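Me: I'm new to this one, and I'd like to understand the reasons behind the labels. Could you walk me through it?

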Amino acid sequence: MKRLQTFTPVVLATILVFAASIFVSQNSFALGILDGVNAAKGSGQPTELFGAGGVITTVTNVLLFIAGALSVIMLIVGGLRYTISGGNSTAVTAAKNTVLYAIVGLVIAFLAYAAINFVLTSLAPGSRAGFTNV
């Protein structure tokens, strides 16, 4: 019985503190979800998914830039391999294949840019996707 008597004031005090905190902090519940999102968002962050400054446009532009740059680098490597081959037929064939695959990679990168630009402008009419953030 003694244990119940010491436990009851602690429980009662806890309930009173919790109830008082609910009444005191009612103004903080007036904030909406967007207020929390705007508070968590840093300055200079994009706010749209599509459009010229959108997240998807920026990501695709960066990925296409990387793919195009790698294709150009491989084109240069293939040319160097062709120059260094010294007439060895297997080395010449490997160098030609490197150049061919690099050109195919460039063509695919350009076609991917055109396809993504077409899709983004279709999803967000009136906006123009492009290399605005790269």
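Reply: Happily! A helix here is a DSSP run of H or I with at least four residues, numbered from the N terminus. By that naming, A112 has its place in helix α4. Keep in mind that this is a predicted model.

Me: How many helices and strands does the protein chain have?

Reply: There are four helices and zero strands. Following the sequence, the pattern reads α-α-α-α.

Me: Back to A112, then. Why does A112 count as partly exposed?

Reply: Its relative accessibility is 24%. Buried means under 20% and exposed means over 50%, with partly exposed in between. The value for A112 falls between those two cut-offs, so A112 counts as partly exposed.

Me: Which residue is 52 places from A112 along the chain, with what C-alpha separation?

Reply: That is T60, and the C-alpha atoms of the two residues are separated by 9.3 Å.

Me: What makes α3 roughly antiparallel to α4?

Reply: The angle does. Helix α3 covers residues 55-84 and helix α4 covers residues 89-123, and the two pack at about 165°. Angles over 145 degrees count as roughly antiparallel, so α3 and α4 earn that description. Their axes are 8 Å apart, and α3 passes α4 in a left-handed crossing.

Me: What kinds of residues form the contact of α3 with α4?

Reply: They divide into 19 nonpolar, nine polar and two charged.

Me: Could you take a residue from α3 next? Why does S71 count as buried?

Reply: Gladly. S71 has its place in helix α3. Its relative accessibility is 8%, and buried means under 20%. The value for S71 is under that cut-off, so S71 counts as buried.

Me: Which residues is S71 in contact with, leaving aside its neighbours within four places in sequence?

Reply: Those are A102, G105 and L106. Contact here means heavy atoms within 4.5 Å.

Me: And V92, why does V92 count as buried?

Reply: V92 is in helix α4, with 17% relative accessibility. Since buried means under 20%, V92 counts as buried. Leaving aside neighbours within four places in sequence, V92 is in contact with Y82, S85 and G87. V92 and G78 are 14 residues apart in sequence, and their C-alpha atoms are 9.5 Å apart in space.

Me: What makes K96 partly exposed?

Reply: K96 lies in helix α4 and has a relative accessible area of 49%. Exposed would need over 50%, and buried would need under 20%, so K96 is partly exposed. K96 and R81 are 15 residues apart in sequence and 8.6 Å apart, C-alpha to C-alpha.

Me: Now for the whole protein chain. What share of its residues is buried?

Reply: Buried residues make up 16% of the 134 residues. The accessible surface comes to about 10,000 Å², and 73% of that belongs to carbon and sulfur atoms.

Me: What share of contacts between residues at least 6 apart in sequence joins residues at least 24 apart?

Reply: In the protein chain, that share is 54%.

How values were computed:
Residues are numbered from 1 along each chain as its sequence is written. This is a predicted model: local features need pLDDT of at least 70, side-chain atom pairs count only at pLDDT 80 or more; totals for chains, interfaces and linings use all residues. Side-chain values use heavy atoms; hydrogens and water are left out. Axes are lines fitted to C-alpha atoms, for helices over the stretch in contact, and angles run from 0 to 180 degrees between N-to-C directions. Angles under 35 degrees count as roughly parallel, over 145 as roughly antiparallel, 65 to 115 as roughly perpendicular and the rest as oblique. A crossing is left-handed if the near helix is turned anticlockwise from the far one by less than a right angle, and right-handed if clockwise. Ala, Val, Leu, Ile, Met, Phe, Trp, Tyr, Cys and Pro count as nonpolar, Asp, Glu, Lys and Arg as charged, and the others, Gly among them, as polar. Buried means under 20% relative accessible area, exposed over 50%, partly exposed in between (1.4 Å probe, protein chains only). Accessible areas come from the Shrake-Rupley method with a 1.4 Å probe; for residues, only the protein chains shown count as cover.
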